[in-house]
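Trainee: Hey, I've got a new structure to look through and I'm not sure where to begin. Can you walk me through it?

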Amino acid sequence: MPIQSLVNQYMGINAHLQSYYQAKGGWPAFHDNHITHLQESLGEMLRPFGYLVDNATSLQVREIDPDRPDDPPISYVEKSDVGIREHHSRASSLDTFRTPNLEDGTLVLSIVEAMGLIETDLLRALAIREVDVQDGRLGRTVAWLEVLSPSNKPGGQDWADYAGKRLSLIKAGITLIELDYLHKQPPVIAGVPSYRANPRRGIDADPTAKPYLIAVTDPHPTLFSGRTSVYAFEVDERVPLVHIPLARHEMYTFDFGAVYNRTFGLDANALLVDYERLPEEFATYNARDQSRIQRRMDVVTRHEHRLKEGPFSIETRELDIYGDIDRE
Amino acid sequence: MEISIVNRAARLLTAHTETELFIHLCALLQSAHDHDFHVTLGSVWENDQAALRIAIEQPMRQYTDSQIILLWKTTHVFTLSEAGSLNWQRPNGQVITGLVNIQMALQHIDDNAIEPLQTLLA
């Protein structure tokens with residue numbers, strides 16, 4: 001009998017569900033729901049302060065040359081996943097059927113496959129925009145939020161496009177927020193320790209690396225004096241509160257973990273998580289996080305009749321069994 | 001028949017019991033869709049009694065030397081105990097207890113009947 005719950009039983013990102021998506025596919029649907037929930041939640045929190053959170057399917061980015069501020073800004077359309085239309089012929093990494101699936105003689109395709117879509121066509125981003133309090137008109141974009149997918153991380157088919165898009169955003173003076181809940185691919189932030197080894201690039205796994213991160217790149221006051229804040233966190237660790245710089249020296253602290261839990265709770269695939277079994281591709285986690293996963297599974301198993309609640313705290317008993325993982 | 005927000009506010013002042021006032025307050029807050037505040041209604045355990053609690057959060061700006069911090073802060077808390085006593089914790093931390101005292105503190109709502117909620121939450 002599987003042990004399932006629609007409540008995320010991890011303190012932070014659910015390693016079981018994330019592993020499932022990375023091993024079996026289906027991430028775009030979760031991504032899409034998560035973006036919608038982020039838009040709702042961030043929008044509700046920021047609206048009274050004069051910001052609107054927009055579904056960034058298309059955005060006019062205005063790039064201003066700081067050396068020549070009086071010149072007209074260079075304007076161009078920034079798609080939510082820029083450049084991807086040049087690559088329609090590439091294979092999709094979506095959870096499509098790899099071979100035609102015949103059911104009672106009927107060819108069954110995923111809609112994505114049947115429509116000839118590719119993953120990044122479906123992925124949306126969010127733009128946080130100023131709103132003029134006097135007339136309610138939309139102002140400039142001050143921040144851009146991306147939930148990363150496997151394809152736009154290093155080594156992914158859209159990485160080059162995504163890297164160019166990141167640069168164009170910060171060159172335009174837009175704060176970039178990146179949510180990376182995918183531990184298998186290398187981080188998009190240069191200089192962050194690599195969680196997994198990459199023999200082809202001669203990179204060893206760093207035992208201090210963490211599997212998840214939220215990065216906030218604030219290109220103010222200038223591109224070269226701005227900074228990237230990296231909120232890295234471990235398996236079964238709470239998602240940190242993240243400071244989002246906005247316009248006019250304003251800053252808002254947001255709980256991305258609460259929105260993740262909401263998306264998890266509404267995700268049909270959450271019921272595919274069986275806490276009695278190790279996550280897919282368990283070996284892709286380092287020893288510390290493998291211990292954390294097993295410790296969490298034990299805690300969930302012990303509370304298996306109360307899984308409409310949770311997540312449950314780790315008790316001294318588990319700490320004794322697994323040792324002080326945090327000090328390893 | 002729809003009761004106007006002004007009438008709902010007026011009922012706070014004419015309530016005969018603390019429970020009645022609490023119920024009218026719930027109705028007043030629920031009817032205010034276009035206002036910038038968040039309301040949470042929940043049960044709590046306090047002083048060995050169960051109670052219903054309304055917590056109102058409002059958007060605030062906190063100014064520091066280099067930044068303006070945007071935050072949602074709990075400004076008003078109304079607690080109705082199982083025994084029927086009501087208290088109102090205001091933004092300055094002052095706690096007003098009892099029907100008469102709360103209605104006295106709410107009296108100024110009547111003078112600003114067009115925007116009773118803004119007046120209440122000011």
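Mentor: Here we'll go over the model's confidence, its strands and helices, its core and where its chains touch.

Trainee: Cool. What should I know before I start?

Mentor: This is a predicted model, in which local features need pLDDT of at least 70, side-chain atom pairs count only at pLDDT 80 or more, and totals for chains, interfaces and linings use all residues. Residues are numbered from 1 along each chain as its sequence is written, while chains are lettered from A and ligands numbered from 1 in the order in which they are written.

Trainee: And what is the mean pLDDT of chain A?

Mentor: The mean is 82, with 77% of the residues of chain A at 70 or more; pLDDT is the predictor's confidence in each residue, from 0 to 100. Residues 58-66 of chain A have pLDDT below 50, and that stretch has 27 contacts in the model beyond near neighbours in sequence. A contact here is two residues whose C-beta atoms, placed from the backbone, lie within 7 Å. Over residues 68-100 of chain A pLDDT also stays under 50, and the model has 59 contacts there beyond four places in sequence.

Trainee: How many helices and strands are there in chain A?

Mentor: Chain A has 8 helices and 12 strands. Those are DSSP runs numbered from the N terminus: helices are H or I with at least four residues, strands are E with at least two.

Trainee: And chain B?

Mentor: Chain B has 5 helices and 5 strands, in the pattern α-α-β-β-β-β-β-α-α-α along the sequence.

Trainee: What's the strand order in the open sheet of chain A?

Mentor: The 6 strands go β1-β6-β7-β8-β9-β10, with mixed pairing. Two strands pair if DSSP finds at least two bridges between them.

Trainee: Why is one side of β1 and of β10 in chain A left without a neighbour in the sheet?

Mentor: β1 (51-55) and β10 (227-233) of chain A stand at the edges with a single partner strand each, so one side of each has no neighbour in the sheet. The twist averages 20° from one strand to the next; axes are lines fitted to C-alpha atoms, for helices over the stretch in contact, and angles run from 0 to 180 degrees between N-to-C directions.

Trainee: Do me a quick tour of the pairs?

Mentor: Sure. β1(A) and β6(A) run antiparallel, joined by 5 bridges, and Tyr51(A) has Glu130(A) as its bridge partner in β6(A). β6(A) then pairs with β7(A) in the antiparallel sense over 5 bridges, where Ile128(A) is partnered by Ala143(A). Those two strands, β6(A) and β7(A), make a hairpin with 6 residues between them, and Gly136(A) in the turn has a positive phi of about 75°. Further along, β8 (175-180) and β9 (212-218) of chain A run antiparallel with 5 bridges, and Ile177(A) has Val216(A) as its partner in β9(A).

Trainee: Which helix lies across β1, β6 and β7 of chain A?

Mentor: That's α2 (residues 27-46) of chain A, running at about 165° to β1(A).

Trainee: Which residues touch the most other members of the largest nonpolar core?

Mentor: Of its 60 residues, Leu46(A), Leu126(A), Ile128(A), Ala143(A) and Trp144(A) do. α2(A) gives the most to this core, with 7 residues. A nonpolar core is a set of buried Ala, Val, Leu, Ile, Met, Phe, Trp, Tyr and Cys residues joined through C-beta atoms within 7 Å. Buried means that 20 or more other C-beta atoms lie within 10 Å of a residue's own, exposed means 12 or fewer, and partly exposed is in between, with C-beta atoms placed from the backbone.

Trainee: What does Leu126(A) touch?

Mentor: Its contacts include Ile35(A), Leu38(A), Val53(A) and Leu145(A), not counting residues up to four places away in sequence.

Trainee: New topic: how many residues does each chain put into the contact between A and B?

Mentor: The contact takes 8 residues from chain B and 8 from chain A. On the side of chain B, strand β3 (residues 68-81) gives the most, with 4 residues. β12 (residues 250-254) of chain A runs parallel to β3(B), with 3 bridges joining them, and Met251(A) stands opposite Ile69(B).
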